[in-house]
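Reader: I have this chain open on my screen and would love a guided tour of one part. Could you pick a strand and take me slowly through what surrounds it?

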Amino acid sequence: MFKKLPRIMIIVLSVVMLVGGILPSVGYAQDGSINNEIDSESTKSTVLTLDDSMTVSEQNSMINDYLSDPNVEELIVLDESLLIENNDTENETTPTPRAIINQYKVNNVRGGSDVTGSSGIATAIGEVGILLNIGQTKSVATTVSADFGASNAALSGALGYSVTGSTSITISGQYRVPSKVNGKKVKTCKMTAYPVYKTKLYDVHKMPWNAFSWTKMGTGKAKKAYGVSYKKVYTYK
């Protein structure tokens, strides 16, 4: 289908993916909320994990090669370089007896499952023979479910990235609408790009100003975008 490139992981698998029950309204380059997860259903997905050994043109060519196959229902493209972490730490762990201030620490950070956003960040729709193109760049905010009193600095230090920052996601996909798919005559096709997030779980503990022991306040989830899910939906004649 195409030449092999070094350090590229290509996985074709049947997985439980997060697929929304409601797609964005028809249009081009639509924005939407990125804070919700979408419901699960089983779907066959092709996953490409890219790295900096590829040029931009090589990445785009590979993406479009897979999108050109009408049998690929969903193409997930991940860029792990967007998850580069820093070494800052900001956890208050030593009590100060005279300080009249509550102390917080964020710890037990662990990896969670990947999550696909519920709303599209770019959409194109067309009839048979039309070339759908959703090439653009979007800024996708990093989110945390709860701080339980901890500061943004403490959360950012423990997680390794800014919880108030965002990720610049490049969307680059083309697909020419075919006349038939699975033996059915196609009327239109809608191709939508959704953000894909890497998640982390974390615990927050509190030490009141007049105490010397920590109490767990709760467990939160952080989400940082690092990829795009391209999904195609057909209407038939």
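Author: Here is a close look at one strand and its surroundings, starting with the chain as a whole.

This is a predicted model, in which local features need pLDDT of at least 70, side-chain atom pairs count only at pLDDT 80 or more, and totals for chains, interfaces and linings use all residues. Residues are numbered from 1 along each chain as its sequence is written, and side-chain values use heavy atoms, with hydrogens and water left out.

The chain has two helices and 14 strands; both are DSSP runs numbered from the N terminus, helices being H or I over at least four residues and strands E over at least two. Of its 237 residues, 43% count as buried, where buried means under 20% relative accessible area, exposed means over 50%, and partly exposed lies in between (1.4 Å probe, protein chains only). Among contacts with a separation of 6 or more, 82% are between residues 24 or more positions apart; a contact means heavy atoms within 4.5 Å.

Let's settle on strand 14, residues 215-236. Which strands pair with strand 14? Strand 13 (184-207) pairs with strand 14 in the antiparallel sense over 20 bridges, and M191 stands opposite K232 in strand 14. Strand 3 (residues 74-79) also runs antiparallel to strand 14, joined by five bridges, with I76 having S229 as its bridge partner. Strand 9 (143-144) is joined to strand 14 by two bridges, again antiparallel, and T143 stands opposite K223. Pairing here requires that DSSP find at least two bridges between two strands.

Now for the side chains that come up against the strand. T167, in strand 10 (residues 166-171), makes a polar contact of 3.2 Å with the side chain of K224. Its side chain also reaches the backbone oxygen of A225, at 3.3 Å. A polar contact is a pair of N or O atoms within 3.5 Å; within protein, one must be able to donate a hydrogen and the other to accept it, and residues adjacent in sequence count only if both atoms are side-chain atoms. T167 counts as buried because its relative accessible area is 3%. Leaving aside neighbours within four places in sequence, T167 is in contact with L82, K138, S139, V140, T142, K224 and A225.

Strand 14 also has a part in the nonpolar interior. The largest nonpolar core has 30 residues, and L75, L132, I134, I171, A193 and Y230 touch the most other members. Strand 14 is among the elements that each supply at least two residues of this core, including strand 3, strand 10 and strand 13. Strand 13 gives the largest share, five residues. A193 is in contact with V228, S229 and Y230, among others. Apart from this core lies another, of eleven residues, including A154, L159, V163 and A222. Such a core is a set of buried Ala, Val, Leu, Ile, Met, Phe, Trp, Tyr and Cys residues joined through side-chain atoms within 4.5 Å.

That second core leads to helix 2 (residues 152-159), where A154, L155, S156, G157 and L159 are buried. Strand 14 is part of what covers these residues, as are strand 4, strand 9 and strand 13. V163 sits in the loop between helix 2 and strand 10 and counts as buried because its relative accessibility is 6%. Its C-alpha atom is separated by 7.8 Å from that of A222, although the two are 59 residues apart along the chain.

Finally, the charged side chains. K216 forms a salt bridge with D203, the closest N and O atoms being 3.7 Å apart; K216 is in strand 14 and D203 in strand 13. A salt bridge is a side-chain nitrogen of Lys or Arg within 4 Å of a carboxyl oxygen of Asp or Glu. D203 is also bridged to R110, at 3.2 Å, and R110, D203 and K216 are thus linked in a network of salt bridges. D203 is buried, at 5% relative accessibility, whereas R110 is partly exposed at 29% and K216 partly exposed at 46%.
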